[in-house]
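Q: Please take a close look at a single part of this chain. Set out the overall make-up, then go through that part and what lies around it, and finish with the rest of the fold.

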Amino acid sequence: MRKSHPVRRAVLAGAATVSGIVLLLSLKPASDPGSASAAGGAAPPVAAQSPQGGRGAGAGTVTGDAASTRYGPVRVRLTVDGGKITAAEAVQAPKGGQSDRITADAVPKLNQAAVTAGNADIDAVSGATYTSAGYQESLQSALDKVAAGSAGQGSSGEGSNGGAQSTRTLTGAAARTQYGPVRVRVTVSGGKITGAEALQAPKGGQSDQVTADAVPKLNQAAIAAGNADIDAVSGATYTSAGYKQSLQSALDQAGG
């Protein structure tokens, strides 16, 4: 039998020792907390942050512009949630003398009508024609702001300046009156009204004469004033109120 050479035995023994150490190291569990992630392990995920107040677009409160009436301004504030009216209140309404009784009777009915209808197409309250017209005008203004995404927010200067240098034609919502709808279209250039016309106005019988007399005056008044704060034409109270309401609706689209 051949004898093993002493040097060869030493080499084999050393190789066995090294192999054993490598094997032991490979079986050692990773104790570094970061090693699981580095190796593709499932580290605890960071929770995604959801937006606060996530009630959906158009959630919050918005106040319409004050609508002038013969007996005083009317201004409506809405609470909206998910783009729907959930509450309505008149933060301004005619007051003093007989107006106190009319306001106390009419405003709750108008508030309820606004919530039920979900828009400004509501009937006037009997005996409160001016208050009802003003309420509808301010209500439409508030709804236009909701549509523009400003519920629960302040007015955006950027939004109103965006179209200041261009010429735009804007048509207001039709305003219902006792004698028929009134709808106004305005041309706005450089942030100013340069043209105004009534696309719809009361017609038939006596209304033809009233419209023919009042509308040109209202058109001119809108251009001169640059806003919807214009005086009613004598003898055309309803047409004037409807004109102002539709004019304000058109101006709200222009951000003015």
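A: Of the 256 residues in the chain, 32% are buried. The model is a predicted one, and the values below are computed from it. The chain exposes about 15,300 Å², of which carbon and sulfur atoms supply 53%. Among the contacts with a separation of 6 or more, 50% are between residues 24 or more positions apart.

The chain has seven helices and six strands. Along the sequence they follow the pattern α-α-β-β-β-α-α-α-β-β-β-α-α.

The part chosen here is helix α4, which covers residues 129–147. One of its residues is Gln136. The relative accessible area of Gln136 is 5%, so this residue counts as buried, the cut-off being under 20%. The Gln136 side chain reaches the backbone oxygen of Ile122, with a distance of 2.8 Å. Ile122 is also listed among the contacts of Gln136 when neighbours within four places in sequence are left aside. The other residues in that list are Ala120, Arg176 and Gln245.

Two of the partners of α4 are described next: a sheet and a helix. The sheet is open and has three strands in the order β1-β2-β3, with antiparallel pairing. Strands β1 (60–63) and β3 (84–92) stand at its edges; each has a single partner strand, so one side of each is left without a neighbour in the sheet. On average, neighbouring strands in this sheet are turned by 20° against each other, with direction ignored. Helix α4 packs on the sheet and touches β1, β2 and β3. The direction of α4 makes about 40° with that of β2.

Strand β2 spans residues 75–81 and pairs with β3 in the antiparallel sense over seven bridges. In one of the bridges between them, Leu78 has Ala88 in β3 as its partner. In a regular strand, side chains alternate between the two faces of the sheet.

The helix partner is α3, residues 98–117. Two packed helices are described by the angle between their axes and the distance between the axes. For α3 and α4, the axes come within 10 Å and cross at roughly 35°. The crossing of α3 past α4 is right-handed. On the α3 side, the residues that meet α4 are Ile102, Leu110, Asn111 and Ala114. On the α4 side, they are Thr131, Ser132, Tyr135 and Leu139.

There is also a second three-strand sheet to describe. This sheet is open, with the order β4-β5-β6 and antiparallel pairing. Here β4 (167–171) and β6 are the edge strands, each with a single partner strand, so one side of each is left without a neighbour in the sheet. The twist from one strand to the next averages 15°.

Strands β5 (residues 183–189) and β6 (residues 192–200) pair in the antiparallel sense over seven bridges. Arg185 has Glu197 in β6 as its bridge partner. The two strands, β5 and β6, form a hairpin with two residues between them. Gly190 lies in the turn and has a positive phi of about 60°.

Helix α7, residues 237–254, lies across β4, β5 and β6. Helix α7 runs at about 40° to β5. Gln245, one of the contacts of Gln136, falls within the residue range of α7.

Conventions: Residues are numbered from 1 along each chain as its sequence is written. This is a predicted model: local features need pLDDT of at least 70, side-chain atom pairs count only at pLDDT 80 or more; totals for chains, interfaces and linings use all residues. Side-chain values use heavy atoms; hydrogens and water are left out. Helices (H or I, at least four residues) and strands (E, at least two) are DSSP runs, numbered from the N terminus. Buried means under 20% relative accessible area, exposed over 50%, partly exposed in between (1.4 Å probe, protein chains only). Contact means heavy atoms within 4.5 Å. Accessible areas come from the Shrake-Rupley method with a 1.4 Å probe; for residues, only the protein chains shown count as cover. A polar contact is a pair of N or O atoms within 3.5 Å; within protein, one must be able to donate a hydrogen and the other to accept it, and residues adjacent in sequence count only if both atoms are side-chain atoms. Two strands pair if DSSP finds at least two bridges between them. Axes are lines fitted to C-alpha atoms, for helices over the stretch in contact, and angles run from 0 to 180 degrees between N-to-C directions. A crossing is left-handed if the near helix is turned anticlockwise from the far one by less than a right angle, and right-handed if clockwise.
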